[in-house]
Amino acid sequence: MSSTTRDNDNNKRRRVSRDNDDVVPPAVVSSSGDSSPAPAAAIPMAVALLEPFVEGEIAKLVADVQKHDETIVIAAMKKLRYILTTDNPDNTKNRNHAGALGAHHSILAKLKQWQHSEQIHNQGWACLANIACTIKDARVPLLEMGVVEVAINAMKLFPNSPTLIGNVCVALHNLFLGIMDANVVASIKRFVNDYRGIELVVQAMKRLENNAHLQGAASGLFSTLSSLMDLRTGMVAAGVAAAVGVALQKHGNDELVKKWGKLCMRKLFADN
């Protein structure tokens, strides 16, 4: 299956190909769950009232994400992923509409609600990666709603799923790109210090070292984190440089691993 990556606004954020059902490519700067209702506060009022008044495809998809049928939710997330990529010529209109309808609220609420469904998390994190890339106004709300905590939980619950962990890394990379924003910096510090997120990703890279998608996605996330100078020494001590070095050795012919791995190494050992 193919994947597509493109530059956007000089930030070179991640995109997801319509031809790939599970894997989100790194950016170019990439069981049945609990079926009880999500907390009301997690879903904006406008979205909660959508179902009786569905108008248009995006509105229906956002409404479907809120349903309690796993098959319907997964299908809706897959479709939203494509709608929110720049591969779609109507992307600007679509992303504005999806953001206004609170698609990001509904998807994150579903990930919290169905925390034990690997399929929902595969699709949900891929969808959030695109949302973080294309709906700028969704980034801070997602961080405030606890997306970092949900990411940590997902990686712990599915330690042997390279697709899921890779998609989580892509989403976090896109969310963390605006590192000058105080909310983003605070979330990065929480990911690093409170939840030991760097160590968690390094362990996944070691455990799943044969998967190029995960290696490229993790290297992309680490290249973004290493933009903060005060994190670099700790990242090296946590094994980032060693893990990325192994990824470059094993997947040296993979374009994205090579690109992100080399960029990460340069930034880790840069003087500024």
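## Helices, salt bridges and a charged patch

Lys 262 has its place in helix H15, which covers residues 255-268. The structure described here is a predicted model, and the description starts from this residue before turning to the chain as a whole. With a relative accessibility of 45%, Lys 262 counts as partly exposed, because that value falls between the limits of 20% for buried and 50% for exposed. Together with Lys 258, Lys 259 and Arg 266, Lys 262 belongs to a patch of positive charge that gathers on the surface.

**The chain as a whole**

The chain is built with 15 helices and has zero strands. Of its 272 residues, 56% are buried, while the accessible surface of the chain amounts to about 11,500 Å², with 50% of that area belonging to carbon and sulfur atoms.

Helix H6, formed by residues 118-134, can be checked for its length: its 17 residues, at 1.5 Å a residue, should span 24 Å, and the C-alpha atoms at its ends are indeed 24 Å apart, so the two values agree. Because 15 of the 17 residues of H6 are buried, this helix is largely enclosed by the rest of the structure.

**Salt bridges between parts of the chain**

How many salt bridges does a search of the whole structure find? The search finds six, and three of them are set out in the table, each with the distance between its N and O atoms.

| Positive residue | Negative residue | N to O distance |
|---|---|---|
| Lys 79 | Glu 57 | 2.3 Å |
| Arg 190 | Glu 149 | 2.8 Å |
| Lys 250 | Glu 209 | 3.9 Å |

In the salt bridge of Lys 79 with Glu 57, the closest N and O atoms are 2.3 Å apart. This pair links distant parts of the chain, since Lys 79 sits in helix H3 (residues 70-83) and Glu 57 in helix H2 (residues 57-65), 22 residues apart. Lys 79 counts as partly exposed because its relative accessibility is 35%, and Glu 57 is likewise partly exposed, at 45%.

Arg 190 and Glu 149 form another salt bridge, with 2.8 Å between the closest N and O atoms. Here too the pair links distant parts of the chain, with Arg 190 in helix H10 (residues 182-194) and Glu 149 in helix H8 (residues 147-157), 41 residues apart. Glu 149 has a relative accessible area of 26% and is therefore partly exposed.

The side chains of Lys 250 and Glu 209 also meet in a salt bridge, at 3.9 Å from N to O. Because Lys 250 lies in helix H14 (residues 240-250) and Glu 209 in the loop between helix H11 (197-207) and helix H12 (212-225), the pair ties together parts that are 41 residues apart in sequence. Lys 250 is partly exposed, with a relative accessible area of 41%, and Glu 209 is partly exposed as well, with 30%.

**Two further pairs of positions**

Helix H14 also holds Leu 248, which is partly exposed at a relative accessible area of 21%. Leu 248 and Gln 215 are separated by 33 residues in sequence, and their C-alpha atoms are 8.7 Å apart in space.

Asp 271 is found in the segment after H15. Is Asp 271 buried or exposed? With a relative accessible area of 75%, Asp 271 is exposed, because that value is over 50%. Between Asp 271 and Met 229 there are 8.6 Å in space, taken from C-alpha to C-alpha, although the two residues are 42 residues apart in sequence.

How values were computed. Residues numbered from 1 in each chain as written. Predicted model: local features only at pLDDT ≥ 70, side-chain atom pairs only at ≥ 80, totals over all residues. Heavy atoms only, no water. Patch = residues over 30% accessible without salt bridge, like charges linked within 9 Å, V, L, I, M, F, W, Y side chains within 5 Å. Areas by Shrake-Rupley, 256 points an atom, 1.4 Å probe, with all protein chains shown as cover. Salt bridge = Lys/Arg side-chain N within 4 Å of Asp/Glu carboxyl O. Lys, Arg positive; Asp, Glu negative; His and termini not counted. Charge placed at Lys NZ, Arg CZ, Asp CG, Glu CD. Helix = DSSP H or I, 4+ residues; strand = E, 2+ residues; numbered from the N terminus. Buried < 20%, exposed > 50% of the residue type's maximum accessible area, 1.4 Å probe, protein only. Expected span 1.5 Å × (residues − 1).
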